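Hi,

Here is the structure I promised to send over. Have a look first, and my notes follow underneath.

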Amino acid sequence: MVTNRIVIIPTYNEKENIEAIVRKVFSLDTAFDILIIEDNSPDGTAAIVKKLQNEFSQLHIVERKGKLGLGTAYITGFKWALERKYEYVFEMDADFSHNPEDLVHLYKACSEKGGDMAIGSRYVSGVNVVNWPMGRVLMSYFASRYVRFVTGMKIHDATAGFKCYTRKVLETINLDNIRFKGYAFQIEMKFTTWKYGFNIIEVPIIFTDRTQGTSKMSGGIFNEAVWGVIKMKLRSFFTKYNR
């Protein structure tokens, strides 16, 4: 089935999750293609994906030489998708913290409700997080409040990594100028989209922490977000956002 929608899933050591997440996405009533950005996982994730490609023609993989950062993985995927003329490009984790069924809600927010970007938001309707320690919930929640304060964005979940972009957003942003490689990448992409005046819609989701595999979160990632947001805001004063 030909579709104009593609879900980008970065992977590193996701052998416990990758087959299940691929099958779940392909079982949805709305058709999506999938692009795996694989960072040379030593656990054999790539081999599982390649085996699944024999079953699913709409499953694609780009293999990289190692862990090069979440942001660069998505930038690689965005460029791949733009070259192949996809109209709707999604970000999603491999570990089921994002419910694949919510892909449809993000898609409709853009295709039917006028969104240029749709965010799967944990905080737009309260705090909808399952299985996270309270310390991590508070860190994530107040990180988003901090980003709102510094940037002026009216987005409740500034660090969310479950999103739909329309093609025009990714074509407008100079992807080579995106600075952050870690989780602050998610903030920078939202901020840049907002500065260009695009319509951003937050879609309420329930975020469930992974039950298989290992989290990639670290203190260094958090520090990048804290100090990086200030630098990003300062740079924006000297940047023209013309569409």
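Let's start with one side chain: is Arg64 buried or exposed? Arg64 counts as buried, at 12% relative accessibility (buried means under 20% relative accessible area, exposed over 50%, partly exposed in between, with a 1.4 Å probe and protein chains only).

Before going on, a word on what you're looking at. This is a predicted model, where local features need pLDDT of at least 70 and side-chain atom pairs count only at pLDDT 80 or more, while totals for chains, interfaces and linings use all residues. Residues are numbered from 1 along each chain as its sequence is written, and side-chain values use heavy atoms, with hydrogens and water left out.

Back to Arg64. You'll find Arg64 in the loop between strand S3 (59-63) and helix H3 (70-83) (helices are DSSP runs of H or I with at least four residues, strands are runs of E with at least two, numbered from the N terminus). The Arg64 side chain makes a polar contact with the side chain of Thr72, at 3.0 Å (a pair of N or O atoms within 3.5 Å; within protein, one must be able to donate a hydrogen and the other to accept it, and residues adjacent in sequence count only if both atoms are side-chain atoms). Leaving aside neighbours within four places in sequence, Arg64 is in contact with residues including Glu38, Asp39 and Thr76 (contact means heavy atoms within 4.5 Å).

Next, Thr193, which sits in helix H7 (residues 184-195). Thr193 is buried, with a relative accessible area of 0%. A polar atom of the Thr193 side chain lies 2.7 Å from the backbone oxygen of Met189. Not counting neighbours within four places in sequence, Thr193 is in contact with Met117, Val169, Ile173, Phe198 and Ile200.

Then there's Ala46, in helix H2 (residues 45-53). Ala46 is buried too, with a relative accessible area of 11%, and touches Glu38, Ile61 and Glu63 if you skip residues up to four places away in sequence.

As for the whole chain, there are 8 helices and 9 strands. The radius of gyration is 17 Å, close to the 18 Å that the globule rule gives for 243 residues, so the chain is as compact as a globular protein of that length (taken over C-alpha atoms; the rule is 2.2 Å times the number of residues to the power 0.38). Buried residues make up 53% of the 243 residues.

Cheers
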